[in-house]
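Got the model open in your viewer? Keep the selection box handy and we'll walk through it stop by stop.

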Amino acid sequence: MTALREILLRRIAATGPISIAEYMTECLLHPEHGYYTTRDPLGAEGDFTTAPEISQMFGELMGLALAQAWLDQGAPAPFVLAEPGPGRGTLMADMLRATARVPGFHDGLRLHLVEASPALRAAQAEKLPHATWHDRLDQIPGDLPLFMVANEFFDALPIRQFVRDGAGWRERVVGREGDALVFGLTAPVPLAELEHRLDDTEEGDMVETSPALPALVGEIGTRIAANGGAALIVDYGGRGATGDSFQAVRGHEKVDPLDMPGQADLTAHVDFAALARAAAPAACAGPVPQGVFLERLGITARAQALAARLDGAALEAHVAAHRRLTHPAEMGDLFKVAALHPCNMPPPPGTET
């Protein structure tokens with residue numbers, strides 16, 4: 001029985017079942033017992049590992065792709081280089097190292113990070129001491145070109161789940177049975193925001209929405225359309241899919257999302273169709289599979305160059321990292337890359353469809 005479970009059980013007893021979005025928000029961001037506010041979840045000793053922690057090649061190629069987009073737009077300076085949810089700062093540190101020889105890039109950038117976790121902010125500060133931190137995306141300066149990378153950021157946004165019932169929808173909610181948290185369904189009601197899903201779903205299909213996604217992506221897209229810039233968005237998901245993608249991970253294993261609230265990472269697949277709609281007035285390129293994106297940027301050549309300096313266990317680990325990032329059976333197909341860019345400018349390299 002976790003402390004947060006007790007809090008949630010009391011809340012549900014007092015006010016009734018809560019949405020999946022409310023449950024995720026409490027589990028991830030509760031000021032005392034939230035998953036992200038109390039720990040560093042990354043790495044072998046944490047609960048999950050992201051692409052930047054697997055190999056330096058990921059961050060290097062992301063940085064060079066964003067730098068090329070900056071050059072394609074005339075190398076504007078100054079500009080904002082931003083990352084929401086930067087983890088330990090590994091991705092941005094690799095990006096900065098790879099772009100150090102791009103003329104004018106480092107002189108022009110103003111580094112801004114969006115991070116809610118005190119523990120992760122401390123880790124980021126060790127690698128990125130010159131950054132400026134914010135609690136929210138809309139606190140990033142809005143009058144400069146915005147070049148952004150967001151890796152596994154949108155999958156942590158709280159979602160709502162709805163099951164089709166005729167022309168209406170039942171919302172999946174979290175309730176209680178005794179001392180247990182359990183899933184339940186509300187009565188069916190018609191929902192205007194899901195009217196378009198009546199054309200591509202059948203009775204009993206589940207669809208997911210992310211209430212916060214339109215405003216966040218809209219903020220990024222509006223700034224890029226107005227001032228220039230580009231955003232590389234990497235996450236797992238698809239376009240307008242159906243089904244239950246809500247999951248919990250603890251100790252690198254999937255666990256019951258209701259079992260230990262506040263003690264496991266909670267995520268859901270990103271709907272890239274919804275992301276593209278929200279990006280207007282900016283254009284959205286992709287999504288393309290992560291493996292395709294990295295191969296277009298030359299990851300195999302980079303892997304071969306690095307491999308020439310390695311042998312033994314280090315070489316085996318390097319080869320495994322390349323496979324994990326690119327192979328369709330691993331992260332290569334599950335993860336997608338989309339790019340926001342001004343309509344009158346080309347998309348960042350690797351994201352062309």
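Select helix H8, residues 118-127, and colour Leu120, Ala123 and Gln124: these are its buried residues. Buried here means under 20% relative accessible area, exposed means over 50%, and partly exposed is in between (1.4 Å probe, protein chains only). Helices (H or I, at least four residues) and strands (E, at least two) are DSSP runs, numbered from the N terminus. Now look down the axis of H8: the buried residues fall within an arc of 100 degrees, so they line one face of the helix. That arc is taken over the directions from the helix axis to the C-beta atoms. Flip to the other side of H8 and you'll find Pro118 and Glu126 exposed. To see part of what covers the buried residues, add strand E3 (109-114) and strand E4 (132-134).

Before moving on, some housekeeping: this is a predicted model, where local features need pLDDT of at least 70 and side-chain atom pairs count only at pLDDT 80 or more, while totals for chains, interfaces and linings use all residues. Residues are numbered from 1 along each chain as its sequence is written, and side-chain values use heavy atoms, with hydrogens and water left out.

Next, the interior. A nonpolar core is a set of buried Ala, Val, Leu, Ile, Met, Phe, Trp, Tyr and Cys residues joined through side-chain atoms within 4.5 Å. The largest one has 43 residues, and Met62, Leu81 and Leu111 have the most contacts inside it. Helix H5 (residues 56-72) supplies the largest share of this core, 9 residues. Zoom in on Leu111: leaving aside neighbours within four places in sequence, it is in contact (heavy atoms within 4.5 Å) with Leu81, Met92, Leu96, Leu128, Ala131 and Thr132. There is also a second, separate core of 25 residues, including Val80 and Leu275.

Last stop, the charges. With a salt bridge defined as a side-chain nitrogen of Lys or Arg within 4 Å of a carboxyl oxygen of Asp or Glu, the count comes to 16. Pick Arg88 and Glu53, which meet in one at 3.8 Å, N to O. Arg88 lies in the loop between strand E2 (79-84) and helix H6 (90-98) and Glu53 in helix H4 (residues 51-54), so the pair ties together parts 35 residues apart in sequence.

Then return to H8 for Arg121, whose salt bridge with Asp135 has its closest N and O atoms 2.7 Å apart. Asp135 sits in the loop between E4 and strand E5 (146-151), 14 residues from Arg121. Asp135 is exposed at 54%, whereas Arg121 is partly exposed at 25%.
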